[in-house]
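Here is a friendly walk through the model you are about to see. Please keep the viewer open as you read.

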Amino acid sequence: MYDRTYNFSAGPATMPVEVLEEIRDEMLNYRGSGMCVMEMSHRSKVFQEIYDNAEADLRKLMNIPDNYKVLFIQGGATLQFSMIPMNLMKNGVADYIVTGAWSKKAFTEAKKFGDVKCIASSEDRNYSYIPDLTDLPIRDNADYVYICENETIHGTTYQTLPDTKGKILVSDQSSMFLSKPCNVSDYGVIYGGVQKNIGPAGMAIVIIREDLIREDLDPKTPVYLRYDTHAGAGSMYNTPNCWAIYVCGKVFKYLLDRGGLEAMNERNVEKAKVLYDFLDSSKMFKGTVDKDVRSLMNVPFVTESKDLDAEVIAYTKKAGFDNLKGHKSVGGLRASIYNAMPKEGVVALVECLKKFEAERG
Ligand SMILES: *Cc1c(COP(=O)(O)O)cnc(C)c1O
């Protein structure tokens, strides 16, 4: 009806049509307020209600315990690469597990702030697996252990959480946020940029255990980069990303209406299976990561050559499938199949790839 393509972008990424339609309908006059949410004061009653509902619905979706704060912070996930060490390092020590481009970036940034060590890595095989997590050399004085739970570029995901030997676990969930149930109390901090699996770009959600929000930081820490600033001001120390909060709130409601995260997980497992089954049976295409750690959200795959990869990308694009080019560090193709990608989109993509293989094979 809208002539939309199936958009496999890793982020910003496809959103539920029903949510986009609701936003359209409320664009000029949000529920009798006489204005668009973009035009509203963040201090107004009507916006505060949008905010409160968004937070309440997220808490319901993820079953977030009362002793965790939910913060909406600008700067995307990348700003958290710095905020985490700045706020969580008491001893100045942190241990990182490096499983791909995003955890590597976070690790590199954290090193500026203290004694930061990579305690396990899968770099030796281009991040195509998750290292053994059972007996990690976690240091006694480590302030936290850091993971990126779903590597968006490399396409791996943790099947179990590492044994942190009692240390706080910090997880970047950007590309798997709300894709499946999550036991929040297993973590000290969960965070992610929202433009992968939730809403528009320009914001991160940080879910942090209250006792980890410290006031005794280096006094030079910029006020905006302190969790206590955001926690103490209901994420409105300054003007927040009102638009992202509004749209994310709609997505939270949409997910609740469709059975919550259990239901999402079932759909995501089923959807990813369509693509992985095809890759496993194809002679032309193959997945790039170990089967036991394949992501349900980001599926990188390759043919035998770069030239053929490029041909497939052009072929699929012509057929109405967009943003399938893989990240340059992996090459080939990547299909990001977040919550909002319908199963029909994946089925149709597989049909298209089969057709290509039949024509060329
Ligand atoms: C995209 C992404 C980031 C960076 O997000 P920004 O919001 O662009 O800063 C960090 N971590 C992961 C896992 C990502 O997928």
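D3 lies in the segment before β1, and its phi is positive, about 60°, although D3 is not a glycine. This is a predicted model, so please read every value below as computed from predicted coordinates. From that starting point, the notes move through backbone geometry, one helix, the nonpolar cores, a small sheet and the cysteines.

**Backbone details**

- D3 counts as exposed, at 75% relative accessibility.
- N323 also invites a look, with a positive phi of about 65° although it is not a glycine.
- You will find N323 in the loop between β13 (321-322) and β14 (333-336), where N323 is partly exposed with a relative accessible area of 39%.
- A cis peptide bond links G11 to P12, with omega about -10°.
- P12 belongs to the loop between β1 (6-7) and α1 (17-26).

**Helix α2**

- Helix α2 covers residues 45-62, which makes 18 residues. From first C-alpha to last, α2 reaches 26 Å, close to the 26 Å expected at 1.5 Å a residue.
- The buried residues of α2 are F47, I50, Y51, A54, E55, D57, L58, L61 and M62.
- These buried residues lie on the same side of α2, because they cover an arc of only 165° around the axis.
- A general point helps here: an α-helix has 3.6 residues a turn, so residues three or four places apart point the same way.
- On the face turned away from the buried side, α2 carries the exposed residues K45 and K60.
- What covers the buried residues of α2? The cover includes the strands β2 (68-73), β9 (189-193) and β10 (204-209), together with the helices α6 and α7 (260-281).
- Just after α2 comes N63, with a positive phi near 55°.

**Nonpolar cores**

- The largest nonpolar core has 55 residues, and M62, L178, I205 and I207 touch the most other members.
- Helix α6 (residues 242-257) gives the most to this core, with ten residues.
- A second, separate core holds 29 residues, including L71, F81, Y144 and I208.
- L178 is a good residue to centre in the viewer. Leaving aside residues up to four places away in sequence, L178 touches L58, L61, M62, N197, I198, F252, L255, L261, M264 and N339.
- Among those contacts of L178 are L58, L61 and M62, which also appear among the buried residues of α2.
- As general background, nonpolar side chains tend to be buried together in soluble globular proteins.

**The β11-β12-β14 sheet**

- Three strands make an open sheet in the order β11-β12-β14, with antiparallel pairing.
- β11 (286-287) and β14 stand at the edges with a single partner strand each, so one side of each is left without a neighbour in the sheet.
- Strand β12 (residues 298-302) pairs with β14 over four bridges, in the antiparallel sense.
- Across that pairing, V299 stands opposite A335 in β14, and P300 has R334 in β14 as its bridge partner.
- β11 and β12 pair over two bridges, also in the antiparallel sense, and K286 has V302 in β12 as its bridge partner.
- How many of the five residues of β12 are buried? Five of its five residues are buried, and the strand is mostly covered.
- Both faces of β12 are covered, with N298, P300 and V302 buried on one side and V299 and F301 buried on the other.
- In general, the side chains of a regular strand alternate between the two faces of the sheet.

**Cysteines**

- The structure holds zero disulfides.
- Why is C118 not bonded to C148? The sulfur of C148 is the closest cysteine sulfur to that of C118, yet the two are 13 Å apart, too far for a bond.
- C118 is partly exposed, with a relative accessible area of 30%.
- C352, by contrast, is buried, with a relative accessible area of 9%.

Terms used: Residues are numbered from 1 along each chain as its sequence is written. This is a predicted model: local features need pLDDT of at least 70, side-chain atom pairs count only at pLDDT 80 or more; totals for chains, interfaces and linings use all residues. Side-chain values use heavy atoms; hydrogens and water are left out. A nonpolar core is a set of buried Ala, Val, Leu, Ile, Met, Phe, Trp, Tyr and Cys residues joined through side-chain atoms within 4.5 Å. Buried means under 20% relative accessible area, exposed over 50%, partly exposed in between (1.4 Å probe, protein chains only). Contact means heavy atoms within 4.5 Å. A disulfide is a pair of cysteine sulfur atoms within 2.5 Å. The expected span of a helix is 1.5 Å times one less than its number of residues. The arc is that of the directions from the helix axis to the C-beta atoms. Two strands pair if DSSP finds at least two bridges between them.
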